[in-house]
Amino acid sequence: MSGIRAAEPSEVDAVVDVLTRAFQLDPVSTWLFEDDERRPGANRAFFRGVLGGLGEAGGRVDVTEDFGAVMLWEPGGAEDEGGDLAETFPGLLDAELARLGPLLGLMAERGPSGSAHHHAQFLGVLPGLQGQGIGGRLFRHGLDHFDAQGTPTYLEASSPTSARLYRRLGYRDVGEPFAPPGGAPMQPMWRDPA
């Protein structure tokens, strides 16, 4: 097992690569980026846009030393900042942006407001390493950090498998699953610090 550390700004390409590969078959990703052959490039453009400002204003990117897994944390409410999606996510097609916009709007609308928290935005484990506990260990590393600060965390589970992992880590469902029209359902979940 490799150690866990914060990603360096110079490692953004490696972080994007892990997330691109890890989310290739994710239900939300397959809905956003319908074309199987285009999806790797679209995922790459999407995650590069997400990482654009994540390290700023209190965001965290944790990685395993071997880059088998990455975890992105964002301060709660940061996703409400808006902006031009085409500028944030260059390389996405108009149809993809037309699906992404309502999804991000729904996530901001359904997310918690009025309380300080961190959003567990993405946990990606390379396909050949999934199911070995690496994601849980990486996630626990971040939770230990936020527990020590007394900070609650929030997330949206994008699959039943990920929801089971998050429940084992102390998350509870908060509200009903939600999805944009035709989109994959996402389960909002909350965890108070241990």
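## Helix α5

Start with helix α5, residues 94-110: its 17 residues at 1.5 Å a residue should span 24 Å, and the end C-alpha atoms are indeed 24 Å apart, so the two agree. (The expected span is 1.5 Å times one less than the number of residues; helices are DSSP runs of H or I with at least four residues, strands are E runs of at least two, and both are numbered from the N terminus.) This is a predicted model, where local features need pLDDT of at least 70 and side-chain atom pairs count only at pLDDT 80 or more, while totals for chains, interfaces and linings use all residues. Residues are numbered from 1 along each chain as its sequence is written, and side-chain values use heavy atoms, leaving out hydrogens and water.

## Two sides of α5

Buried here means under 20% relative accessible area and exposed means over 50%, with partly exposed in between (1.4 Å probe, protein chains only). On α5, the buried set is E96, L97, R99, L100, L103 and M107. Looking down the axis, these fall within an arc of 160°, so they line one face of the helix; the arc is taken from the directions from the axis to the C-beta atoms. Turned away from that side are the exposed D94, A98 and E109.

## Strand β3 and its partners

β3 (residues 69-75) has seven of its seven residues buried. A69, M71, W73 and P75 point one way, with V70, L72 and E74 pointing the other.

β3 runs antiparallel to β2 (residues 60-64), joined by four bridges, and V61 sits opposite L72. β3 also pairs antiparallel with β4, over seven bridges, and there W73 stands opposite A120. Pairing takes at least two DSSP bridges between strands.
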